[in-house]
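The following exercises concern burial, cysteines and strand pairing. Please examine the sequence and the model before reading each solution.

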Amino acid sequence: MTMPTGVEITGPVTGRYAQILTPDALEFLADLHRTFDVRRRELLDRRRQREAELADGALFDFLPETRHVRESDWRVAEPAPGLVDRRVEITGPTDAKMTINALNSGAKVWLADHEDANTPLWDNVVTGQLNLRDAVERKLDFTSPEGRRYALDDGELATIVVRPRGWHLTEKHILVDGERTSGSLVDFGLYLFHCARLQLDRGAGPYFYLPKMESHLEARLWNDVFLRAQERLGLPRGTIRATVLIETFPAAFEMDEILYELREHSAGLNAGRWDYMFSVIKKFRTRGADFLLPDRNAVTMTVPFMRAYTELLVRTCHRRGAHAIGGMAAFIPSRRDPQVNETALAKVRDDKTREAGDGFDGSWVAHPDLVPICREVFDAVLGDRPNQLDRTRDEVRVTAAELLDVRATPGQHTEAGLRNAVSVGVQYLASWLRGSGAVAVFNLMEDAATAEISRSQVWQWLHNDVTLDDTGERVTRELVERIADEEIAKLPGDPGDYAEARALFMEVAVADDFADFLTVPAYERMP
């Protein structure tokens with residue numbers, strides 16, 4: 001391959017990789033890196049400074065310096081083609097089988113995930129881009145090892161919305177001037193370069209979900225990336241549209257500001273419930289009882305601090321003409337246990353009914369079998385309307401104190417909860433290290449967000465001397481080690497198969513220093 005000046009590919013370029021890693025595409029990535037990477041790293045430093053302030057006793061509040069943004073009248077751009085009706089959205093990684101199943105699922109939108117449901121194995125990064133381009137061109141098909149063929153339907157497919165990696169992740173296989181590139185810019189840039197024109201020609205556009213942001217300044221960086229990218233590729237300003245996941249605690253206090261920074265490119269906000277719970281633990285992990293969460297399964301969307309967050313999200317979005325998209329239904333239907341299905345599907349229906357009743361314009365599911373339930377619930381509320389942007393929820397008033405009221409969360413700290421956290425964490429990491437970022441564990445689709453909850457909850461209980469309510473035993477490193485061994489012994493295969501995952505889990509769950517993201521040390525263990 002002919003490399004642009006200063007660009008180096010450190011991973012293999014095999015098969016059809018060269019169709020994605022073209023000199024022009026790499027030159028485009030190099031320009032984005034040289035223009036924006038210093039700002040990206042400065043904003044990550046700002047996150048660390050803020051965490052130090054929280055450890056010293058600070059709290060979050062709505063920003064006084066942006067009061068004028070919250071109190072003035074403005075609206076985001078009108079919904080783009082393919083994003084007007086979003087009543088059901090399905091999520092999943094960009095392997096060929098998932099791509100086909102998601103696009104054929106009957107959902108209105110597919111979140112094509114290069115982030116939490118994907119392992120950034122080099123092959124996944126590049127092949128995922130090939131699958132997306134083939135799908136846009138309706139050329140994608142797949143035959144399983146068992147001989148089953150998968151192909152795209154002839155009719156209407158779900159609208160593709162790509163989720164790139166978060167600002168904190170790098171791509172070690174593409175270097176610019178000797179530096180790793182941003183995983184965010186690689187995933188965004190390659191898709192935009194290869195698919196933006198194809199999508200416009202088909203009456204849609206290049207659309208994105210933006211994860212893990214912690215401030216409106218990070219949204220401003222994305223907006224500047226969009227402006228630069230559109231100019232470089234000759235795309236009309238405002239062509240790119242982005243939905244932001246409000247999945248960090250600090251971002252919940254800057255929803256208006258985030259929409260404002262992206263307003264000509266905004267497609268709304270999403271309630272990223274799992275990472276939001278992780279962020280609560282992460283930001284206040286050393287603050288004792290006021291921010292100590294019970295068992296993960298006890299933290300439902302109806303507990304006070306989660307309820308406040310979702311109510312504020314709908315009100316904020318609809319006041320600005322932006323879509324509000326609900327959270328994930330992660331249940332994986334069982335073909336062997338009808339009773340499990342009946343109980344779980346009833347909970348899914350209740351959850352989606354609550355969201356539709358609260359004013360959300362759509363919601364997420366993790367499995368195609370959940371699409372009909374979600375669609376039925378939102379159909380009943382929306383009828384022939386594509387959304388409910390007209391429900392402005394003016395009666396909602398949410399204070400900073402209500403967002404911070406984690407202590408009011410009911411629930412206990414149990415041995416079963418601890419065992420679940422350890423088992424889920426180890427099983428997920430074993431799958432992640434093998435190259436799969438979405439794995440079914442205990443009939444739930446687990447991804448990096450739920451694994452983060454698992455390991456951070458263990459860390460929080462351990463470092464806050466939690467005593468288990470049901471056994472009276474204090475959470476210690478020795479207890480976590482013993483439970484890990486016992487839970488691994490229950491799993492199929494040889495316990496040695498989980499040795500690396502167990503070691504990594506212990507590294508991020510019981511060490512004195514808290515790793516910001518488990519995927520960062522995990523990535524360094526990958527080729």
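A residue is called buried when its relative accessible area is under 20%, and exposed when that area is over 50%. The model used here is predicted.

**Exercise 1.** Determine whether cysteine 374 is buried or exposed.

*Solution.* Step 1: the relative accessibility of cysteine 374 is 1%. Step 2: the cut-off for burial is under 20%. Step 3: cysteine 374 therefore counts as buried. By the same reasoning, cysteine 195 is buried, because its relative accessible area is 1%.

**Exercise 2.** State how many disulfides the structure holds, and examine cysteine 374 in this respect.

*Solution.* Step 1: a disulfide is a covalent bond between the sulfur atoms of two cysteines. Step 2: the structure holds zero disulfides. Step 3: for cysteine 374, the nearest cysteine sulfur belongs to cysteine 317 and is 17 Å away. A disulfide requires two sulfur atoms within 2.5 Å, and cysteine 374 is in no disulfide.

**Exercise 3.** Describe the surroundings of strand S13 (residues 362-365).

*Solution.* Step 1: in a regular strand the side chains alternate between the two faces of the sheet. Step 2: in S13, Gly362 and Trp364 lie on one side, while Ser363 and Val365 lie on the other. These residues are all buried, and both faces of S13 are covered.

Step 3: S13 pairs in the parallel sense with strand S2 (residues 88-93) over three bridges, where glutamate 89 stands opposite tryptophan 364. Step 4: S13 also pairs in the parallel sense with strand S12 (residues 324-329), over three bridges, and here methionine 328 stands opposite tryptophan 364. Step 5: from S12 the chain passes through helix H11 (residues 338-358) to S13, forming a right-handed β-α-β crossover.

Note on methods: Residues are numbered from 1 along each chain as its sequence is written. This is a predicted model: local features need pLDDT of at least 70, side-chain atom pairs count only at pLDDT 80 or more; totals for chains, interfaces and linings use all residues. Side-chain values use heavy atoms; hydrogens and water are left out. Buried means under 20% relative accessible area, exposed over 50%, partly exposed in between (1.4 Å probe, protein chains only). Helices (H or I, at least four residues) and strands (E, at least two) are DSSP runs, numbered from the N terminus. Two strands pair if DSSP finds at least two bridges between them. A crossover is right-handed if, with the strands pointing away from the viewer, the path from the first strand over the helix to the second runs clockwise.
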